[in-house]
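Reader: Hi, I have a structure open and would like to go through it slowly. Could you help me read it?

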Amino acid sequence: MNALLLLLAAALPTFREFQDGARVAPDPAFQAAIRAVVHARDAEDRRSSLEALRDLAGPEGVLLVPQLFHYTLRADTTRDAMAFGVLVEHMALSRDAVVRGTIPFLEGADQERAHAAGVLAHFEEAEPDRPPSFTVYRPFLEEPLRAGLTPPAGLTRHLFSSDAGQALLVFLRIAVEDSDARKPVLWAQHVLEDLAWRERHGFPTDEVRREVEAQLAFLVEHDAWWARLAALHWMREHPGFARAEWRSRLEADPHALVRAEAARDAKRREPERR
Amino acid sequence: MERARFALVVALSALGAAPDAPSGATLSIDGPPAVAVGGRAELVATASAGGGTFSWRVAPVRLPAGSPAALANPRVRLVPRGERVVVHGLLPSASSGDVELIVEHRASGTVAEARFQLTCVEGNLTSYRPQHGGGYFPHARTAVPDAWEEDDELGPGIRRNGAGEVDPNGEDDLIELTVTSPHAPLSFKLVRSNPALRLWTTRTRTAGSELAFTADRSAAFGVGTGGATLWVEWDGGPGLGSLALVPAGTAGVADRVRFHTFRSIVMALGGEGQVPSVPVDPNHGTYLIGIALYGLGYDAHLFDEDAVSASGAGAVYDEVVNSIQRRGVVEVVSIGYSHGGGSTWDLVDRLDANRGSIGAFGVPFTSYVDGVQNDSDLDVDQELKYPPTSAFHVNSYQVGTLADFFLDGGPVPGSHPPNSGLNVETTAWGAGATHFVVDDFLQVLDYIRTNLLSRVNR
């Protein structure tokens, strides 16, 4: 890696900066350059504007991605809003550059998080009959999980709220290498996925209730915080299987992220408590 | 409705009585007379006779100044089975006057005569189109035009709100109904034709705010100078039902509105960067169609296409499933521009995939305008797939160039116009179109609207 690339890599958020919620701010020069491309007067103007943007973007466009994010976040026309996808394609920006440049925005406010999720969906490839793939996020999860740390909270929330079952599998495979040690969690994931499948396709769920409750209890009491977080999300999606004592336990969870998510759920349920 | 502004409501008292009739025939004039909607006063005489020719004469009435000629020369109508005489006419707004009615049975020489004091009382009902969440946004508060308020299709639509109803956005299924009268303060009642209709004085059905009905006639409620607002709920199976406005203490109907329960739900999905607004952006063609359909009595929803995820899940899907499972909706429509076209496919595909748990429904109509797949905010691929199970799909597209970054939809086999939709650039009006204007052509919007109207029930 040459000196320029090292410099560019240093400009991108590290894991610890993710933790601090560091996000690249909009840069007026970048924003103007993007706008010049999007609103070019003619073909020649577009060509020269695109060249100017390439010069700013740096190798693989790593500096451009957060700026495109800001530009389209504020877009109020289809022409402006489509600029991210159009320029990713026209400038052949890499998957890694887009993902790396977008993930920090999952730490932002609601609108930023929603837009980041809309961008990242490009690499998750979910379909009605196919769960999202989270493989693309492994590089961002491995370092902290193997060090016993919590990955970026925004990314973690995004994964579990998108698909708790797939998130659980990714975390399990990174954090637990022993195949026998994986099996109880794999079984819990299978049972709970079967419940979701039954509900989605109109099959009875009563006959699996006992097993579902057993596996939820197993996850709620699991040593790994991400297993407990998965249990919390499953109870959110299948409230008919949730138990008050499990909710209370998670509201007092030793892990801050689990506790915060449980508190958020408790707040959502406030109207029904009254 | 317009004519209701002239509704004659009350004939307060009969000032005279019919004389005894000779043997063989009896005549009487009833009072107070019933008054029908539509500015038509009905003074009713009943008669029986022992045979012979039976004819009627109604004397001119003494009217307030300015009364229409129609009342000065009342038409007489014999209703054979009931042997009733009915006098039609109009009184000016908020006027009163004496009316004399003479009925003669010429064969027997029997005469009945009565004088009534008529008072014209105006009352008006105005119903509104459905709410969304805590108000009307993304629609504007939209009154049902007077001329349509008794129409089974164009009149007020209402969502069924029975037991088990889930409101993803809070209670928003009640229809606003305002009552006004120039004679306020005055008391009115509402008469319902279907017991599924319930009335509340609060939009969220606060306990204790329901208006009680006895034999389908509501308790009296006061209408002040600023009018009164009620909220109409439909708590029952699908159907039609009317509410008639009756001044308390009378049988006359001042105005009437007729509700239809929704059988369909329409989802209008804009393109990337388009969000619903009030007032609507005139360059957001998909929302213009949605708003037009809302005004024509459909349960039309406007959404940012990002409310549909790549898997089809999200707020739009939840709204549709809830409407099928809890409100008896059986027809689902989705229309979309650009990424909204891709989201239309995603939505319909998910509905079809999960059909087993959703319940019975059909997709009578879908539409893309320059559809672009929406697997993410970055997706720029053409949406060329026909929406699963759609009975009729309209597809309009243009061919991308450098000017629009080569963004475009494309032919979708099986769609309309046959056989794969319309490339608008092959028309005189659409030549040179770009992705960013193709959703604004009136011809494109009219084709969608016209075909939807003829294929989708309210």
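Author: We can take the chain contact, the domains, some strands and the nonpolar cores in turn, keeping in mind that this is a predicted model.

Reader: Okay, how many residues does each chain give to the contact between chain A and chain B?
Author: Chain B contributes 26 residues to the contact, while chain A contributes 29 residues.

Reader: And which elements of chain B give two or more residues to the side that touches chain A?
Author: Those elements are helix H4 (339–353) and helix H5 (355–358) of chain B, and H4(B) provides the largest share of that side with three residues.

Reader: What classes of residue are on that side of chain B?
Author: Sorted by class, the side of chain B that touches chain A holds 11 polar, eight nonpolar and seven charged residues.

Reader: Switching to chain A, how is it divided into domains?
Author: Chain A has a domain 1 covering 10–123 and a domain 2 covering 140–267, and the C-alpha centres of these two domains of chain A are 33 Å apart.

Reader: So how many residues of each domain are in contact with the other?
Author: In chain A, eight residues of domain 1 are in contact with eight residues of domain 2. On the domain 1 side, the elements that give two or more residues are helix H2 (15–19) and helix H9 (110–120) of chain A, with H2(A) giving the largest share, three residues. By class, that side of domain 1 has five nonpolar, two charged and one polar residue.

Reader: What about strands, say E14 in chain B: which strands does it pair with?
Author: Strand E14 (residues 197–200) of chain B runs antiparallel to strand E19 (residues 228–234) of chain B, joined to it by four bridges, and B:Arg198 has B:Glu233 in E19(B) as its bridge partner. E14(B) also pairs in the antiparallel sense with strand E15 (residues 210–211) of chain B, over two bridges, where B:Leu199 is partnered by B:Leu211.

Reader: Last topic: which residues touch the most other members in the largest nonpolar core?
Author: That core has 72 residues, and those touching the most other members are A:Ile34, A:Leu68, A:Ala83, A:Ala167, A:Ala230 and A:Ala231. Helix H15 (residues 225–237) of chain A supplies the largest share of this core, eight residues.

Reader: Which residues does A:Ala167 touch?
Author: Leaving aside residues up to four places away in sequence, A:Ala167 touches A:Phe134, A:Leu159, A:Phe160 and A:Ala230.

Reader: And what does the second core include?
Author: The second, separate core has 47 residues, among them B:Val320, B:Phe361, B:Val369 and B:Val438.

Definitions and conventions. Residues are numbered from 1 along each chain as its sequence is written. Chains are lettered from A and ligands numbered from 1 in the order in which they are written. This is a predicted model: local features need pLDDT of at least 70, side-chain atom pairs count only at pLDDT 80 or more; totals for chains, interfaces and linings use all residues. Two residues are in contact if their C-beta atoms, placed from the backbone, lie within 7 Å. Ala, Val, Leu, Ile, Met, Phe, Trp, Tyr, Cys and Pro count as nonpolar, Asp, Glu, Lys and Arg as charged, and the others, Gly among them, as polar. Domain bounds come from an automatic or database domain assignment. Two strands pair if DSSP finds at least two bridges between them. A nonpolar core is a set of buried Ala, Val, Leu, Ile, Met, Phe, Trp, Tyr and Cys residues joined through C-beta atoms within 7 Å. A residue is buried if 20 or more other C-beta atoms lie within 10 Å of its own, exposed if 12 or fewer, and partly exposed in between; C-beta atoms are placed from the backbone.
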